[in-house]
Amino acid sequence: MIDIVVGVDDLATVDKPLLKGLSKADFLRLKVKRPDEIVLAKFTDDTYEKKTHFIHLVEYHKDLWKNLIYFRDYLNSNPEAREEYLELKKEYLKQSSTAVSDYTNHKVKFVKSIFWKENG
């Protein structure tokens, strides 16, 4: 699974041409309701069961942007945390759930613990 974060000026003004362009690249907007974020996914085929990529549209330089960038940088500089996160994802895959909310909920405690390091 590849997660990509894209910073935008204002989520409320994300225009249809941008979403249409992402759709042409096979990224579909998910019905996931998350504060301060629009989530899109790319799937392996037309069954829409297995995702390969996520794009997270967030407001550039706002709190969520800063947290996600900090999380990326923290994992890049901390091999132990990176390995722990990888094991957490592998554990999720063994459960065979495909819901985005399940995937997110499975990781939330770990991710928030890293965010807390930045904001704590």
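Let me start with a pair of side chains, K62 and E59. In this predicted model, they meet in a salt bridge, with 3.7 Å from N to O. The two partners do not sit in equal cover. K62 is partly exposed, because its relative accessibility is 47%. E59 has a relative accessible area of 19%, so E59 counts as buried. For reference, the cut-off for buried is under 20%, so E59, at 19%, falls on the buried side of it.

Side chains of opposite charge can pair when their charged atoms come close. How many salt bridges does a search of the whole structure find? The search gives four. I will go through two more of them.

R72 and D73 are one pair, and their side chains meet with 2.8 Å from N to O. R72 is partly exposed at 43% relative accessibility. D73 is partly exposed too, with a relative accessible area of 36%.

K90 and E87 are another pair, and here the closest N and O atoms are 3.6 Å apart. Both residues belong to helix α3, which covers residues 79-95. They are three residues apart in that helix, so about one helical turn separates them. K90 has a relative accessible area of 39%, which makes K90 partly exposed. E87 comes out at 38% and is also partly exposed.

Now a charged residue without such a partner. K107 lies in helix α4. Is K107 buried or exposed? K107 is buried, yet it has no salt bridge. The nearest side chain of opposite charge is D3, 4.4 Å away. A salt bridge needs the nitrogen within 4 Å of the carboxyl oxygen, so K107 and D3, at 4.4 Å, do not make one. D3 is still among the residues that K107 touches, if we leave out those up to four places away in sequence; the others are Y85, L88 and K89.

For the charges as a whole, the protein has 21 positive and 20 negative side chains. The centres of the two sets lie 2 Å apart.

Let me stay with helix α4, residues 100-119, since V111 has its place there. V111 is buried, because its relative accessible area is 15%. Which residues does V111 contact, apart from neighbours within four places in sequence? They are F71 and Y85. Y85 was also on the list for K107. As a distance to look at on the screen, the C-alpha atoms of V111 and I55 are separated by 17 Å, and the two residues are 56 apart along the chain.

I55 comes up again with F27. F27 lies in strand β2, residues 27-29. F27 is buried, since its relative accessibility is 9%. Without the neighbours within four places in sequence, F27 is in contact with L22, L40, A41, K42, H53 and I55. L64, by comparison, is 37 residues from F27 along the chain, and the C-alpha atoms of the two are separated by 21 Å.

Just before that strand comes D26, in the loop between α1, residues 16-24, and β2. What is the phi of D26? It is near 70 degrees, a positive value in a residue other than glycine. D26 is partly exposed, at 49% relative accessibility.

Y48 gives a second case. Phi of Y48 is near 60 degrees, again positive in a residue other than glycine. Y48 has its place in the loop between β3, residues 38-43, and β4, residues 51-59. At 45% relative accessibility, Y48 counts as partly exposed.

Last, the overall picture. The protein has four helices and four strands. From the N terminus, the order of elements is β-α-β-β-β-α-α-α. The radius of gyration is 15 Å, close to the 14 Å that the globule rule gives for 120 residues, so the protein is as compact as a globular protein of that length. Along the principal axes, the C-alpha atoms fill a box of roughly 40 × 35 × 20 Å.

Of the 120 residues, 33% are buried. The protein exposes about 8300 Å², and carbon and sulfur atoms supply 53% of that area. Finally, take the contacts between residues at least 6 apart in sequence: 51% of them join residues at least 24 apart.

Conventions:
Residues are numbered from 1 along each chain as its sequence is written. This is a predicted model: local features need pLDDT of at least 70, side-chain atom pairs count only at pLDDT 80 or more; totals for chains, interfaces and linings use all residues. Side-chain values use heavy atoms; hydrogens and water are left out. Helices (H or I, at least four residues) and strands (E, at least two) are DSSP runs, numbered from the N terminus. The radius of gyration is taken over C-alpha atoms; the globule rule is 2.2 Å times the number of residues to the power 0.38. Buried means under 20% relative accessible area, exposed over 50%, partly exposed in between (1.4 Å probe, protein chains only). Contact means heavy atoms within 4.5 Å. Accessible areas come from the Shrake-Rupley method with a 1.4 Å probe; for residues, only the protein chains shown count as cover. Lys and Arg count as positive and Asp and Glu as negative; His and the chain ends are not counted. The place of a charge is taken as NZ of Lys, CZ of Arg, CG of Asp or CD of Glu.
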